[in-house]
Amino acid sequence: MKITQEAFGRFTEYVLSNPTTGETVNILPELGGIIRKMVFRKNENLFNVIVCADTDEQLMQQMAAYPSAHLFPWGNRVRNGRYYFEGNTYQLPINEVGLNNAIHGFVAFANFEVIEEISTDTEASIILRYQYKGNYFGYPFPFVLEIKNTLSAKNGFTLTYSIKNTGTKTMPVVLGWHPYFKIEEETANDWRIDFPAIEQSIPDEQLISVETKAVDFSEGIILDGQDLNAVFAVKPAEKVAAVLHSIQKDVSLTLWQEGLKGQFSFIVVYIPEARDCVAIEPMTGNTNAFNSGDGLLTLSAGETYQVSCGVTLS
């Protein structure tokens, strides 16, 4: 397995690769560690399964869609950017102006440091680090976020997040990943998705979850004709799997997430208007968890939290 560096316009891209199979994962540490490209092999065919930009200019234009971004220290939305925590009220900057929300945290396109590169016969990994001193308006909680990206000859791609509270007070957090997936030459109308959802959140006019309804997707969902954009609570398990199927190509893409209580207990499924991909997003908390507490994680001073998710093709 190999780790190389390539120019991606004005940025440096790290490429994890398996020279035997042609499988690769392309990562941009300078832009939040986003995963720009992910190529897997099935039989004799290679599939690029991530939707992201082909040039740096395209990527800068698409940032509002958060392609493959890591969402932290809050995933999804905080209503009106305001939250109450341990006796204090905090106001975050509004970066979803049309809906008057704070959305997706502030590390999505931050500059991460590559602190370690590891390659063996069967795996290639890089570890990224972002150190935060507590100076973002409305979030005075210092932390260190590390993200380990691993391409394995046997197990596909794995993301492992490690979060350490480096401050003196308890900190609230919600973590998420925002990939858009595709199976080349097809659209959402060609796919079925299976995932163990037990509740679907119903949003209000600010796209904040206000109630839930029970759901059963044990038979899967044919996406043709579906206008899907929702947060789902998943049935707790050591590994929760969302599987995107292409019947025509006989390909199944699996996004797995550690899904016990206090881990990735939620998943967002969203079909963009163009219907050329589907976002499948593991989340530790529901929309507006900073206020509702639904999935909110709290880390005490000095505490470290770790959780993983990953992608395979079969």
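Ala, Val, Leu, Ile, Met, Phe, Trp, Tyr, Cys and Pro are counted here as nonpolar, Asp, Glu, Lys and Arg as charged, and the others, Gly among them, as polar. The structure in every view below is a predicted model.

**View A. The largest pocket and the residues that line it.** The volume of the largest pocket is about 510 Å³. Its lining consists of 23 residues, of which R77, I103, H104, L207 and N229 are the closest to the centre. By class, the lining residues divide into twelve nonpolar, eight polar and three charged. Strands β19 (197-203), β22 (229-234) and β25 (266-270) each contribute at least two residues to the lining of this pocket. The largest share comes from β22, which supplies three residues.

**View B. The second largest pocket.** This pocket has a volume of about 230 Å³. It is lined by 17 residues, and those closest to its centre are K261, S265, F266, D294 and G295. The lining of the second largest pocket comprises six nonpolar, eight polar and three charged residues. Strands β19 and β22 each provide at least two residues of this lining; each of these strands also supplies at least two residues to the lining of the largest pocket.

**View C. The open sheet of nine strands.** Across the sheet the strand order is β11-β12-β13-β14-β28-β24-β23-β18-β21, and the pairing is antiparallel. The edges are formed by β11 (113-119) and β21 (221-222), each of which pairs on one side only. In general, strands of a sheet pair through backbone hydrogen bonds, either parallel or antiparallel.

**View D. Strand β13 between its partners β12 and β14.** Strand β12 (residues 123-132) is joined to strand β13 (residues 143-152) by ten bridges in the antiparallel sense. Within this pairing, I127 lies opposite K148 of β13. The pairing of β13 with β14 is likewise antiparallel and extends over ten bridges. Here E146 faces S162 of β14 as its opposite residue. The strands β13 and β14 form a hairpin, with three residues between them.

**View E. Strand β14 and its pairing with β28.** Strand β14 (residues 156-165) is mostly covered, nine of its ten residues being buried. With strand β28 (residues 304-313), β14 pairs in the antiparallel sense over eight bridges. The bridge partner of Y161 in β28 is V307.

**View F. The open sheet of five strands.** The order of the strands is β1-β2-β3-β4-β5, with antiparallel pairing. The edge strands, β1 (2-8) and β5 (45-48), each pair on one side only. Neighbouring strands of this sheet are turned against each other by 20 degrees on average, direction ignored. Five bridges connect β2 with the antiparallel strand β3 (residues 23-28). Across this pairing, Y14 stands opposite I27 of β3.

**View G. The surroundings of S17 in strand β2.** S17 belongs to strand β2 (residues 11-18). Its relative accessibility is 13%, and S17 therefore counts as buried, since the cut-off is under 20%. When neighbours within four places in sequence are left aside, S17 is in contact with M1, K2, E23, T24 and L151. Of these contact residues, E23 and T24 fall in strand β3 (residues 23-28), whereas L151 falls in strand β13 (residues 143-152).

**View H. S68 and the cis peptide bond at P73, on either side of β6.** S68 lies in the loop between α1 (56-61) and β6. Although S68 is not a glycine, its phi is positive, at about 60 degrees. S68 is buried, because its relative accessible area of 0% is under 20%. The peptide bond that joins F72 and P73 is cis, with omega at about 5 degrees. P73 is located in the loop between β6 (69-71) and β7 (77-79).

**View I. R275 in the loop between β25 and β26.** R275 is found in the loop that leads from β25 to β26 (278-283). R275 has a phi near 60 degrees, a positive value in a residue other than glycine. With a relative accessibility of 18%, R275 counts as buried, because this value is under 20%. Strand β25 (266-270), at one end of this loop, also supplies at least two residues of the lining of the largest pocket.

Notes
Residues are numbered from 1 along each chain as its sequence is written. This is a predicted model: local features need pLDDT of at least 70, side-chain atom pairs count only at pLDDT 80 or more; totals for chains, interfaces and linings use all residues. Side-chain values use heavy atoms; hydrogens and water are left out. On a 1 Å grid over the protein atoms alone, a cavity is a set of points where a 1.4 Å probe fits but cannot get out, and a pocket is an open set with protein on both sides within 12 Å along at least five of seven lines; lining residues have an atom within 4 Å of a point. Grid points are joined across faces, edges and corners, and a volume is the space filled by probe spheres set on the points. Helices (H or I, at least four residues) and strands (E, at least two) are DSSP runs, numbered from the N terminus. Two strands pair if DSSP finds at least two bridges between them. Buried means under 20% relative accessible area, exposed over 50%, partly exposed in between (1.4 Å probe, protein chains only). Contact means heavy atoms within 4.5 Å. Axes are lines fitted to C-alpha atoms, for helices over the stretch in contact, and angles run from 0 to 180 degrees between N-to-C directions.
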